[in-house]
Amino acid sequence: MTNDDLQKLKQKLPHDGVKQISDETGFTPQYVRDVLSGRRNINKQIIDSAIIIAETYQNYLINNAQKINSL
């Protein structure tokens, strides 16, 4: 996973995404930020959690946009 991949993933997270990942994995928010910024080695648990949270959030945004457009 490249730094560009990590940056894209980080941008797809909700505002409180780092906290959600931290709560889910047990790692500190700073450690999560460091992994997602490429300053620490890739941590599979953090990346997997980030992908799930980002997917959920992106689906939420798409669904809400569709609902708004149907009004």
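Colleague: In this predicted model, how far apart are the mean positions of the positive and negative charges of the protein chain, and what makes a residue count towards either set?

Modeller: The mean position of the 9 positive charges and that of the 8 negative charges are 4 Å apart. Lys and Arg are what make up the positive set, while Asp and Glu make up the negative one, and His and the chain ends are left out of the count.

Colleague: What makes the pattern of the protein chain α-α-α-α?

Modeller: The secondary structure comes to four helices and zero strands, and reading along the sequence then gives α-α-α-α. The C-alpha trace of the chain spans about 45 × 25 × 15 Å along its principal axes, and of its 71 residues 28% count as buried.

Colleague: Why is the pair formed by Y57 and Y60 called stacked?

Modeller: A pair of aromatic rings is described by the distance of the centres and the angle of the planes. The structure holds two aromatic pairs, and in the one formed by Y57 and Y60 the rings are 6.4 Å centre to centre with 20° between the planes. Rings pair if their centres lie within 6.5 Å, and planes under 30 degrees apart count as stacked, so the 6.4 Å and 20° of Y57 and Y60 meet both conditions. Both residues lie in helix α4, residues 44-69, three residues apart, which is about one turn of the helix.

Colleague: Why are Y57 and Y60 called neither buried nor exposed?

Modeller: Buried means under 20% relative accessible area and exposed means over 50%. Y57 has 27% relative accessibility, and therefore counts as partly exposed; Y60, at 48%, lies between the two limits as well and is therefore also partly exposed.

Colleague: How do you know that S49, by contrast, is buried?

Modeller: The relative accessible area of S49 is 2%, which is under the 20% limit, so S49 is buried. S49 has its place in helix α4, and, leaving aside its neighbours within four places in sequence, S49 is in contact with I21, E24 and T25.

Colleague: Which residues of helix α3 are buried, and what do they pack against?

Modeller: In helix α3, residues 29-36, the buried residues are V32, D34, V35 and L36, and these pack against α1 (3-11), α2 (17-25) and α4. After α3 comes G38, whose phi is positive, near 85°.

Methods
Residues are numbered from 1 along each chain as its sequence is written. This is a predicted model: local features need pLDDT of at least 70, side-chain atom pairs count only at pLDDT 80 or more; totals for chains, interfaces and linings use all residues. Side-chain values use heavy atoms; hydrogens and water are left out. Helices (H or I, at least four residues) and strands (E, at least two) are DSSP runs, numbered from the N terminus. Buried means under 20% relative accessible area, exposed over 50%, partly exposed in between (1.4 Å probe, protein chains only). The place of a charge is taken as NZ of Lys, CZ of Arg, CG of Asp or CD of Glu. Rings of Phe, Tyr and Trp (its six-membered ring) pair if their centres lie within 6.5 Å; planes under 30 degrees apart count as stacked, over 60 as edge-to-face and the rest as tilted. Contact means heavy atoms within 4.5 Å.
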